[in-house]
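Here is a walk through one model, with the chain and its ligands on screen. Keep the viewer open and follow along.

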Amino acid sequence: MKTRFLVVFMGGVATTFLFLSLMGGGGTVQSPTGTAPDRYVYYPGTEELAKDEIRLIACGTGLPSARRDQAATCWLAELGNGDKFLFDVGTGSMANVAALMIPYDFLDKVFLTHLHTDHWGDLAALWAGGWTAGRTKPLRVWGPAGETPEMGTAYAIEHFLKAYNWDAVTRNFVLSADPGKISVIEFDYKAINAVVYQENGVTIRSIPAIHAGDGPVSFILEYAGLKVVIGGDTFPNKWFIEYATGADIAIHETFLTPSDLVKFYGQSPGQAIAVGTQIHTSPPAFGKVMSTIKPRHAIGYHFFNEQATHDHILQGVRSTYSGPLSLAVDDMVWNITKDRIVERMIVSPDQAWGVNGPNKPPAPPAPGSVPNPISDFIKAGRWQPAEEAQAAMVDKFKKDNNLN
Ligand SMILES: [Zn+2]
Ligand SMILES: [Zn+2]
């Protein structure tokens, strides 16, 4: 098989950048009318997964403040058995998820590490967007309980649905209500390596994290003898060290240096040192975690990744860790098997549409079964010339589709 890999790690200490420079040429073009060699990219929807393979996609790697180049935290794990799991759906991330053109029915399982908006702010886009674009069943959300009920995931989802009540009531009139429902599976954030999901050969466990308050967790996904650890926001903690050891992929935040938090994020020095070294993980601390647990491949994220910040973070990480590393940006993808870990970039459309899956959409409510949320007073304001302007188009469409 021709090589089509941006990076192939068989272990060892080579960095992404070394392999990039070694493999950047990518083969030869044999004739002026022939095809170019493989481009080291993944075109979503064009490759079947092997049974024992995991495809991991960075759909959000940024920060709570919005940036077009990097959405907030979101990881998609696609498994060879057909299961797909979203780990966090941070603000802005659903545009990246949607560009993969995966039917929304396959994106019904969401695991939340914690309830900061940069980790679940785009649940609304998945919930309502998926509902209008072909999801046929309710969403399922797994997340930690809080120290009190009001700090937990079940409370958050209950009140999320209350906040979006107008949205749901008005959609319920024209769409089946089922895909607009969300079921919550809440678990103890203090539980250590406890199973929170086990189906179809997939096990997902939870470990506590040390972040802005009690409640945050990290997740450990095991499938086909592979272990992928998805670290949420946390200061380095003993549970991660113990249970992420031996991971094939270890994802862990590495935050901006305190100096860059001051320079770029406008934080005061006091705030920067507290945020960057007490409730998040600094680059040297990230490196220490990785050189201790020695994953096959380490992934750092949760910072705006540009030349200056990248250099500062890499310097910090490399002061304590020399192993395989990616400092993630949005649309990085890793294919993981026992034999190899391959990193590429995704090439996807900016103008993607939702794609239907194999399930038939549930029927909309029968006429009269759901109260019309538009009153007679508002209906009476319809402007007649607009009806007349569209009458020919409406008549033709109805005729073509046998509608009354
Ligand atoms: Zn957070
Ligand atoms: Zn965060």
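Start with the aromatic side chains: in this predicted model, F85, F87, F111, W142, F187, Y197 and F219 are joined into a cluster by ring pairs. Searching the whole structure turns up 17 aromatic pairs. In the pair made by F111 and Y197, the ring centres are 5.9 Å apart and the planes meet at 80°, so this one is edge-to-face. The F111–Y197 pair ties together distant parts of the chain, with F111 in strand β6 (residues 109-111) and Y197 in strand β9 (residues 194-199), 86 residues apart. F111 is buried, at a relative accessible area of 0%, and Y197 is buried too, at 4%.

W127 and Y164 give a tilted aromatic pair, 5.8 Å from centre to centre with 40° between the planes. This pair also links distant parts of the chain: W127 belongs to helix α4 (residues 123-132), while Y164 is in the loop between α5 (153-163) and α6 (165-172), 37 residues apart. What about burial here? W127 has 0% relative accessibility and counts as buried, whereas Y164 is partly exposed at 34%.

W127's helix is worth a look as well. Seven of the 10 residues of α4 are buried, so the helix is largely enclosed by the rest of the structure. Those buried residues are L123, A124, L126, W127, A128, G130 and W131. After α4 comes G134, with a positive phi near 110°.

Back at the cluster, a charge joins in: K109 lies over the face of F85, 5.4 Å from the ring centre. Another charge over a ring involves R67, whose charged end sits over F304 at 4.1 Å from the ring centre. R67 is found in the loop between β3 (54-60) and β4 (74-79), and it counts as partly exposed at 29% relative accessibility.

Which residues does R67 contact, leaving aside its neighbours within four places in sequence? They are F304, N305 and E306. With E306 there is a polar contact, side chain to side chain, at 2.8 Å. As for V370, it is 303 residues from R67 in sequence and 40 Å from it in space, C-alpha to C-alpha.

Now for the metals. The two zinc ions, ligand 1 and ligand 2, are 3.4 Å apart, and D233 bridges them. Here they are side by side:

| Zinc ion | Protein donors | Donor distance | Donor angles |
|---|---|---|---|
| ligand 1 | H114 (NE2), H116 (ND1), H211 (NE2), D233 (OD) | 2.1 to 2.3 Å | 93 to 163° |
| ligand 2 | D118 (OD), H119 (NE2), D233 (OD), H302 (NE2) | 2.1 Å | 92 to 156° |

Why is the arrangement around the zinc ion (ligand 1) irregular? The angles subtended by its four donor atoms run from 93 to 163°, and a tetrahedral label would need all angles to lie between 85 and 135 degrees. The zinc ion (ligand 2) is irregular as well, because its four donor atoms subtend angles of 92 to 156°. For reference, the ideal angle for four tetrahedral donors is 109.5 degrees.

Along the chain, the donors of the zinc ion (ligand 1) follow the spacing H-x1-H-x94-H-x21-D. For the zinc ion (ligand 2), the spacing is D-H-x113-D-x68-H. Among the ligand 2 donors, H119 and H302 link distant parts of the chain: H119 is in helix α3 (residues 117-120) and H302 is in the loop between β14 (297-301) and α11 (307-318), 183 residues apart.

Are these histidines buried or exposed? Both H119 and H302 are buried. Around the zinc ion (ligand 1), H114 counts as buried at 4% relative accessibility, while H116 comes out partly exposed at 35%.

To wrap up the metal site, D233 coordinates both zinc ions. To wrap up the rings, the F111–Y197 pair is edge-to-face and the W127–Y164 pair is tilted.

Key
Residues are numbered from 1 along each chain as its sequence is written. Chains are lettered from A and ligands numbered from 1 in the order in which they are written. This is a predicted model: local features need pLDDT of at least 70, side-chain atom pairs count only at pLDDT 80 or more; totals for chains, interfaces and linings use all residues. Side-chain values use heavy atoms; hydrogens and water are left out. Donors are N, O and S atoms within 2.8 Å of the metal (3.2 Å for Na, K and Ca); water is not among the atoms, so sites may look incomplete. Four donors count as tetrahedral if all angles lie between 85 and 135 degrees; four count as square planar and six as octahedral if opposite donors are over 155 degrees apart and all others between 65 and 115; anything else is irregular. Buried means under 20% relative accessible area, exposed over 50%, partly exposed in between (1.4 Å probe, protein chains only). Rings of Phe, Tyr and Trp (its six-membered ring) pair if their centres lie within 6.5 Å; planes under 30 degrees apart count as stacked, over 60 as edge-to-face and the rest as tilted. Helices (H or I, at least four residues) and strands (E, at least two) are DSSP runs, numbered from the N terminus. A charge sits over a ring if NZ of Lys or CZ of Arg is within 6 Å of the ring centre and within 35 degrees of the ring normal. Contact means heavy atoms within 4.5 Å. A polar contact is a pair of N or O atoms within 3.5 Å; within protein, one must be able to donate a hydrogen and the other to accept it, and residues adjacent in sequence count only if both atoms are side-chain atoms.
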